[in-house]
Amino acid sequence: MENGVLKKCGCATSEVQQETETPTNITIKGILGLLMSNIDGGDKRRAISLGMGDPTAYSCFHTSAVVEDAVVDTLRSQKFNGYCPTSGLPQARTAIAGYLSRNLPYKLSPDDVFVTAGCTQAIEVALSILARPGANILVPKPGFPIYELCAAFRHLEVRHFDLMPDKGWEVDLNAVEALADHNTVAMVIINPGNPCGNVYSYEHLRKIAESARKLKIPVIADEVYGHLAFGGKPFVPMGVFGSIAPVLTLGSLSKRWLVPGWRLGWLVTTDPNNAFKSPKVVERIKKYFDICGGPATFIQVFIEFLLWRKELRIFCFFFPLNWAPSLAENIVCTKVELMCQAAVPRILEQTEEVFFRKTLSILKQSSDICCDRIKEIPCITCPHKPEGSMALMVKLNLSKLKDISDDIDFCFKLVKEESVIILPGLTVGLKNWLRITFAAEPSSLEEALGRVKSFCQRHSNQQERH
């Protein structure tokens, strides 16, 4: 039937199949779905997932009540049920631009910001507007597999450069320069790191920018975990080095405000030298947004509550997001403005630094627990203690296990026997490693890692057991 239709249309079946073939890339949600389906229904213990970067699954991570109230009031106003500009509401773009500019050596314009349906859409847009026939993109390994999936749909070749665990998961810049050629359109960095939990220093980020300048390529900076840094190094936005190499900054509300289900993100051209304007990249972005919808209008109005008005306080140390487009200087005080002003006191008085400090404190405590319990399990080791984000990578030593063939086998047997979900390292690019999400209640983390320890003891070879 399908072939008959293709023939009537004058299409060669093999050519169409090649063009429409579904990518076979592994995805985090795909693997987690398979693992969850493997849970033993007869196990009376609760299932504990340390596989998904969604902190809201645990009661210790919840957004501020004032944030929720602001959204409810905006929705009930019945003023924001219609369409909004495809690049985002002007007040949302202004808020993001102003907020991000606080930690940059230059000021962003609202026109630099594009509001997206979460950071995933920002990734999809970035790769789509850079793709061209024969192009390739440099992506970290380990990394976030959505980049590979989006690249596959755009027929964009992915070339992986290594992150070095013995150097705090820094980028192997020699490998980057060896991989790049005249068809390379960008390199991706993720900071704070997912899945490694690393935070890059100012010096290392500068070296990355200098390498990008040498290669004449932009940097795609995935900062969805921006400001979730609780170790010795502060978070530094890649946009700080935008004058060295142009940067596309990607981010969202999801992690820092603990609202991943709201699907509100952004793509920002942090490019003070206007490099993106000469090849008309910005023009392509604007056109692309005409065909893809962003987040709900009322959520975008809320962004102004959350970011723009907060700028009136000194939030330099804990500021979160990176958004850009803006409001014209001669904007009039509309009903939207009045509504925003009405919400200002609640936002400024109730959503204070304590909210962010509390999140960082819990993440620091949970990461410490995670590392301490891992030390008690002989077959897994953590080469670098996490300094940020919500996950870490641990190496699996198969020589200490008698009947485990690889990381996939480990994770499927673990969930079957212990009802604990951990992500196989292969999913993020490292075979025989594991990604553990520590954004969980301390008690749940203790219990889950205790079960992992029991599992490893049960599967250890005889020499280890005695």
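Good morning. I begin with strand 8, where both faces are covered: Val247, Thr249 and Gly251 on one side, and Leu248, Leu250 and Ser252 on the other, are all buried. Please keep in mind that this is a predicted model. Strand 8 spans residues 247–252, and six of its six residues are buried.

Which strands pair with strand 8? Strand 7, residues 219–222, pairs with strand 8 in the parallel sense, over four bridges. In that pairing, aspartate 222 stands opposite leucine 250 of strand 8. Strand 9, residues 265–270, also pairs with strand 8, but in the antiparallel sense and over six bridges. Here threonine 249 stands opposite valine 268 of strand 9.

Let me now turn to the core. In soluble globular proteins, nonpolar side chains tend to be buried together. In this model, the largest nonpolar core holds 134 residues, and Ile220 and Phe410 touch the most other members. Which helix gives the most to this core? That is helix 13, residues 353–374, with nine residues.

Ile220 lies within the range of strand 7, and it deserves a closer look. Leaving aside residues up to four places away in sequence, isoleucine 220 touches Ala126, Leu127, Leu130, Ile137, Tyr147, Ala186, Met187, Val188, Ile189, Leu248 and Leu250. Two of these contacts, Leu248 and Leu250, are residues we met on one side of strand 8.

My last topic is the pockets. The largest pocket contains about 560 Å³ of space. Its lining comprises 25 residues, and those nearest its centre are Lys29, Met52, Thr120, Phe144 and Lys255. Two elements give two or more residues to this lining: helix 3, residues 28–36, and helix 6, residues 118–130. Helix 6 provides the largest share, four residues. By character, the lining of the largest pocket divides into eleven nonpolar, eight polar and six charged residues.

The second largest pocket has a volume of about 310 Å³. It is lined by 18 residues, with Leu130, Val185, Pro218, Pro279 and Val281 nearest its centre. Of these, Leu130 has already appeared as a contact of isoleucine 220. Which elements each supply at least two residues of this lining? They are helix 6, strand 6 (184–190), helix 9 (202–215) and helix 10 (281–289). The lining of the second largest pocket divides into 13 nonpolar, one polar and four charged residues.

Helix 6 therefore deserves a final mention, as it appears in the lining of the largest pocket and in that of the second largest pocket. Thank you for your attention.

How values were computed: Residues are numbered from 1 along each chain as its sequence is written. This is a predicted model: local features need pLDDT of at least 70, side-chain atom pairs count only at pLDDT 80 or more; totals for chains, interfaces and linings use all residues. Side-chain values use heavy atoms; hydrogens and water are left out. A nonpolar core is a set of buried Ala, Val, Leu, Ile, Met, Phe, Trp, Tyr and Cys residues joined through side-chain atoms within 4.5 Å. Buried means under 20% relative accessible area, exposed over 50%, partly exposed in between (1.4 Å probe, protein chains only). Contact means heavy atoms within 4.5 Å. Two strands pair if DSSP finds at least two bridges between them. On a 1 Å grid over the protein atoms alone, a cavity is a set of points where a 1.4 Å probe fits but cannot get out, and a pocket is an open set with protein on both sides within 12 Å along at least five of seven lines; lining residues have an atom within 4 Å of a point. Grid points are joined across faces, edges and corners, and a volume is the space filled by probe spheres set on the points. Ala, Val, Leu, Ile, Met, Phe, Trp, Tyr, Cys and Pro count as nonpolar, Asp, Glu, Lys and Arg as charged, and the others, Gly among them, as polar.
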